[in-house]
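Subject: Handover of a structure

Dear colleague,

Please find the structure below, together with its sequence. My notes on the ligand site and the aromatic residues follow it.

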Amino acid sequence: MNAPYLVIGSGIAGDRAALELADRGADVTLITKGRMDECNSDLAQGGISAVSPEAVAAGLDSYRSHVEDTLRAGDGSCNPDVVEMFVRRAYGDVIGYLEHQGVAFDRKDGVYVLHQEGGHSVPRVYPVADYTGHAVQMSLEDHIRAHPNITVLEHHAAIDLITENTAQGKTCCGAYVLDREIGRVRTFAAGNTIIATGGAGRVYQVTSNQSTITGDGIVMAFDAGASVLNLDKTQFHPTVYFDPGANANRRFLMTEALRGEAVGGVLALTPESTEDLVSVIVPGHSSHSTRDIVARAIYTAMQQEHSKGNPISNVWLNLTTAVTGKSREQLEQEFPTIFRFCLEQGIDISEQSAPVVPAAHYTCGGVPVNIHGGSAITGLYVIGECAYTGLMGANRLASNSLPEGALYGLLAATDALSHPRRPRDSLRPWRYTHATQEIDEAARNTLWDSTRHIATNLVGIERSGPRLQAAQHAMRGLHLAALDLYWDSIMSNETLELRNATLAGYLMATAALQCEESRGGHFRTDFPQKDDKPIVTYVSKDLHGIPYQPRRH
Ligand SMILES: Cc1cc2nc3c(=O)[nH]c(=O)nc-3n(C[C@H](O)[C@H](O)[C@H](O)COP(=O)(O)OP(=O)(O)OC[C@H]3O[C@@H](n4cnc5c(N)ncnc54)[C@H](O)[C@@H]3O)c2cc1C
């Protein structure tokens with residue numbers, strides 16, 4: 001297959017890049033691992049942060065304020081130039097663009113309804129009720145499916161990038177892609193390749209992430225020779241709905257807005273309690289504080305109960321009318337998806353507390369890119385959650401990631417159009433192994449369970465040197481075992497995801513071990529303080545690759 005522009009991933013970043021390229025006349029192939037909407041973008045509830053010129057003129061908000069909030073959340077690790085550029089462009093290039101595509105952000109009497117989320121100094125988050133991501137995804141997807149210049153290939157999983165060493169350094173020439181429906185691997189020769197495969201949340205046991213988010217793009221770029229920065233920084237969301245039967249399934253998010261000033265939900269140790277557990281554990285803070293503080297407070301509270309011989313598997317989010325002053329109708333109107341979901345679980349949130357736990361939510365690190373989304377490999381762009389642009393630093397400010405993905409989709413497309421490359425006429429076709437067996441289910445499930453268990457318990461909300469050493473060794477072994485299965489089984493999405501998740505887990509543990517300080521989404525009990533200068537962790541194949549020789553290939 002020949003693709004002048006190959007986009008891998010159909011979340012907000014990949015969708016925007018594809019549309020931007022196609023609208024300007026380019027031929028685009030968009031491949032995605034599952035259905036188009038099986039992405040984290042579709043799940044986003046809260047909204048999109050941006051400062052409008054009108055808000056600035058009215059004195060309600062300022063670019064400086066959004067910049068400062070982003071830098072504060074990033075905990076000293078952001079790139080200030082990137083933050084400034086993002087804040088200045090988010091309204092016009094994201095909100096304006098999406099409205100033009102048909103996304104109807106909430107308005108009352110013609111005026112935008114803006115939410116204030118944790119870490120933001122003023123209301124500046126543009127929601128579509130509590131299903132912003134779905135509204136955006138549906139709108140972009142409709143345009144993409146109708147676009148004559150875009151070929152969409154669903155159920156196509158990128159396996160590896162194809163690279164060449166040239167006088168200019170390494171160049172990306174396309175990718176090997178598994179057509180999941182027929183089980184064959186296709187070779188895509190591409191002029192420019194854009195990876196937009198999202199983060200690596202599924203490496204964890206308890207996560208808000210979609211099942212497709214297994215670190216694929218980060219691993220593919222790492223394997224092709226790109227470095228990976230700050231992969232130790234994982235943002236844990238304090239509140240996903242606790243469902244004891246969910247096992248490794250995605251957990252339903254109870255948005256931050258429920259704990260914000262406007263609603264005033266309170267986290268408590270028991271369903272009847274109204275005592276804010278966060279203020280007990282971290283005096284001076286409350287359930288309204290930023291995600292890292294609240295998530296760690298819940299973790300500590302659960303550990304304390306455990307040491308008292310009273311282990312608990314969750315805490316409670318009290319949104320009852322008695323605590324929030326919100327009537328049943330108001331809660332249902334403002335948070336229709338959450339209200340309905342809880343009701344289906346037998347909880348009327350206006351009368352009963354909802355059981356919640358923290359969950360891995362956002363991968364702050366990724367493949368380093370420049371201001372155009374360009375990576376160190378020529379012809380390879382990396383955008384969205386799998387990239388490290390410098391915007392998030394050590395921790396993401398709420399609702400900054402949808403706009404980052406959309407903006408970098410635009411930036412990468414623009415840059416790629418000004419550097420057109422002809423796809424190679426011939427590339428080495430995929431070499432199948434002699435494997436005739438499907439992947440062994442028991443082996444696969446055990447390796448997956450172990451990976452998730454280790455990530456959650458050893459590379460989780462609280463880390464330490466001994467835990468990370470253990471995690472690094474264990475993940476290394478799991479990855480080698482996953483590679484055996486990968487080479488000895490018929491190629492499938494299952495073998496591929498296991499290969500990627502185990503390597504992503506190993507890279508996270510390796511990065512976290514390097515980082516001997518606590519900052520943003522990384523807390524070490526043995527190094528609880530921040531260094532004067534932030535540590536940005538670095539992993540690369542040259543330094544940290546795991547040598548492996550397939551038994552047969
Ligand atoms: C529950 C939830 C709520 C959130 N709420 C908000 C919010 O309110 N505001 C906000 O700003 N952010 C929010 N976030 C974060 C935000 O949704 C994500 O950071 C953002 O959507 C990432 O976009 P993306 O395009 O980079 O990746 P994604 O939207 O995750 O898309 C990745 C795509 O890549 C595909 N893919 C993966 N691997 C492969 C492969 N090997 N081959 C082919 N395709 C592949 C996937 O199938 C998917 O289509 C939320 C996240 C979650 C999980």
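The ligand is surrounded by 39 residues, where a residue counts if one of its heavy atoms lies within 4 Å of the ligand. The closest are Ser-41, Gly-47, Asp-216, Glu-385 and Leu-402. Please note that this is a predicted model, in which local features need pLDDT of at least 70 and side-chain atom pairs count only at pLDDT 80 or more, while totals for chains, interfaces and linings use all residues. Residues are numbered from 1 along each chain as its sequence is written, and side-chain values use heavy atoms, with hydrogens and water left out.

The shell around the ligand consists of 14 nonpolar, 20 polar and five charged residues. Here Ala, Val, Leu, Ile, Met, Phe, Trp, Tyr, Cys and Pro are nonpolar, Asp, Glu, Lys and Arg are charged, and the others, Gly among them, are polar. At least two shell residues come from each of helix 1 (12-23), strand 8 (156-166), strand 15 (354-363) and helix 12 (401-418); helices (H or I, at least four residues) and strands (E, at least two) are DSSP runs numbered from the N terminus.

Several side chains make polar contacts with the ligand (pairs of N or O atoms within 3.5 Å). An N or O atom in the side chain of Thr-32 is 3.1 Å from a ligand oxygen, and a polar side-chain atom of Thr-212 lies 3.4 Å from an oxygen of the ligand. For Arg-396, the partner is a ligand nitrogen, at 3.1 Å. The protein covers 98% of the 1000 Å² of accessible area that the ligand has on its own (Shrake-Rupley method, 1.4 Å probe).

Arg-396 also lies over the face of Tyr-362, 4.6 Å from the ring centre. This term requires CZ of Arg, or NZ of Lys, within 6 Å of the ring centre and within 35 degrees of the ring normal. Arg-296 lies likewise over the face of Phe-523, at 4.1 Å.

There are eight aromatic pairs, that is, rings of Phe, Tyr and Trp (its six-membered ring) with centres within 6.5 Å; planes under 30 degrees apart are stacked, over 60 edge-to-face and the rest tilted. Phe-252 and Phe-341 are stacked because their ring centres are 3.9 Å apart and their planes at 10°. The two residues are 89 residues apart in the chain. Phe-252 is buried, at 15% relative accessibility (buried means under 20%, exposed over 50%, partly exposed in between; 1.4 Å probe, protein chains only).

Yours sincerely

Definitions and conventions. A polar contact is a pair of N or O atoms within 3.5 Å; within protein, one must be able to donate a hydrogen and the other to accept it, and residues adjacent in sequence count only if both atoms are side-chain atoms.
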